[in-house]
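Trainee: Can we go through this model together, starting with contacts between charged side chains?

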Amino acid sequence: MAGRRRGAGWKRWAGPVLALLLVSACTTPREPADTAARDIRRMLDSRAAAVVSGDEAAYLAALDPAATRLRAAERREFANLADVPLRSWEYRLTGLDRTGAGRATASVELRYRIAGYDEAPMKVRTAERLDLTRRDGRWYVAAERAERGGEGLLWDQGKVTAVRGARSLVLGVGQDAKRLRAMADAADRAVPAAGRAWPGPWSRRLLILVPSSLDGMGALLGAPADGYRGIAAVTTARTGGSGPAPADRVIVNPEAYALLGDFGQQFVLTHESTHVATRAHTNAATPMWLSEGFADWAAYRGTDRPVGRTAPELQRSVRAGDLPAALPADKDFGFAGDAAALARAYEGGWLACTLIAEHWGEEKLRAFYRAVGEHGRRAGAAKKAMRNVLNTRPDDFTARWQEYARQRLA
């Protein structure tokens, strides 16, 4: 899925506040549109600057003095953000409706950057509708409501605790600080492991979000939580493209992650680090068996884990005489399906990447991954890369993969 890759879960600093963009305005004749827009922009700019600088009084000054419940809620949210190292925070005005004398409704997008991680502002997909009121010549926010759909924000779930590692930043809600520290330590080990598997240029930093619960994970992803029940983590970001983009966010399912042992937790974070490493070369052309298989190969690389524990479900099938007829399809990686079938898909992708690394070499595996992504579209991408990089055809590769499965798993 573009923008989000499957998990392995089995798997604030002063800064510029960007100008607001006013897309549309409807005003009464007594107050020109540009006057209302200018004043609202100033109010929102001041509010954004207050978030970055940590000035609670300035942040609350943008709220209608009569809106006591809103002020209480915004005070809590401001406190929730206190530990988040923000580089920038902006409100982008996408619509403005004058609903009466001294009243208006605005549509606003939030964009922010995490210091040291985001190269470009992160656009929050859940837009807000602000009810505005004008008192004594000033505009105030009287009410806020999120528009339906989209993804939530971590600090909506409670106070954020930030734990910094040498190569990582873990932001958690409702989590024990020792647990977050252990996660940061594991992430600090995962990043160089992913770097050894993918030595090309990438950020070599990991930004991890740990929500309060499985439901909190679903809220961050804007999707039903049940689909992630057995998934320990997912990595989200814009795939491919040459322009700057926000850093990948590794979103951890605290419930599934806690059930894993030390090896499993380290495996998950190395797998997700590998997705971050390969992001610039992952796009719609990349089949899931390659992206997930490569991430698993990187996470297992350098370990002495027995193959029966690496691919138990696939081994069970092979020993029963049920050899897969083809490489795993993208649909086989769906979270809501059969858990054993999902495991076999991951294991089949790992086995394919392991085959390439052993038969053609690790550099050929990396070259194959890059070549698939360079194709830009799915049709013909793997076939062309197999021919140009591996000097083979899809049917021959599949036969080799099947035989490799027999040799390794029977």
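Mentor: Let us fix one term before we look: a salt bridge is a side-chain nitrogen of Lys or Arg within 4 Å of a carboxyl oxygen of Asp or Glu. This is a predicted model, in which local features need pLDDT of at least 70 and side-chain atom pairs count only at pLDDT 80 or more, while totals for chains, interfaces and linings use all residues. Residues are numbered from 1 along each chain as its sequence is written, and side-chain values use heavy atoms, with hydrogens and water left out.

Trainee: How many salt bridges does that rule give?

Mentor: The count comes to 24 salt bridges. One of them joins the side chains of E109 and K123, at 3.4 Å from N to O. E109 lies in strand β3 (residues 103-114) and K123 in strand β4 (residues 122-123), so this pair ties together parts that are 14 residues apart in sequence. Helices (H or I, at least four residues) and strands (E, at least two) are DSSP runs, numbered from the N terminus.

Trainee: Are E109 and K123 buried or exposed?

Mentor: E109 is buried, because its relative accessible area is 14%, whereas K123 is partly exposed at 41%. Here buried means under 20% relative accessible area, exposed means over 50%, and partly exposed is in between, using a 1.4 Å probe and protein chains only.

Trainee: And which residue does E74 pair with?

Mentor: The side chain of E74 meets that of R47 in a salt bridge of 2.5 Å, N to O. Since E74 is in helix α3 (residues 68-80) and R47 is in helix α1, the pair ties together parts that are 27 residues apart in sequence. Both E74 and R47 are buried.

Trainee: What about E362 and R366, how far apart are they in their helix?

Mentor: They are 4 residues apart in helix α12, which means that about one helical turn separates them, and their side chains form a salt bridge of 3.8 Å, N to O. E362 counts as partly exposed because its relative accessibility is 28%, while R366, at 9%, counts as buried. Salt bridges that share partners join R301, E362, E363, R366 and R370 into one network.

Trainee: Changing topic, how many residues of α7 are buried?

Mentor: In α7, 15 of the 17 residues are buried, so this helix is largely enclosed by the rest of the structure. Its length can be checked as well, since the expected span of a helix is 1.5 Å times one less than its number of residues. For α7 (residues 262-278) that gives 24 Å, and the end C-alpha atoms are 25 Å apart, which agrees.

Trainee: Which residues other than glycine have a positive phi?

Mentor: D136 has a phi near 50°, and N391 has one of about 55°. D136 sits in the loop between β5 (128-135) and β6 (138-146), and D136 is exposed because its relative accessible area is 83%. N391 is in the loop between α13 and α14 (394-409), and N391 also counts as exposed, because its relative accessibility is 69%.

Trainee: One last loop, then: where is G54?

Mentor: G54 is in the loop between α1 (33-53) and α2 (56-60), and G54 counts as partly exposed because its relative accessibility is 23%. Although G54 and L81 are 27 residues apart along the chain, their C-alpha atoms are separated by 8.9 Å.
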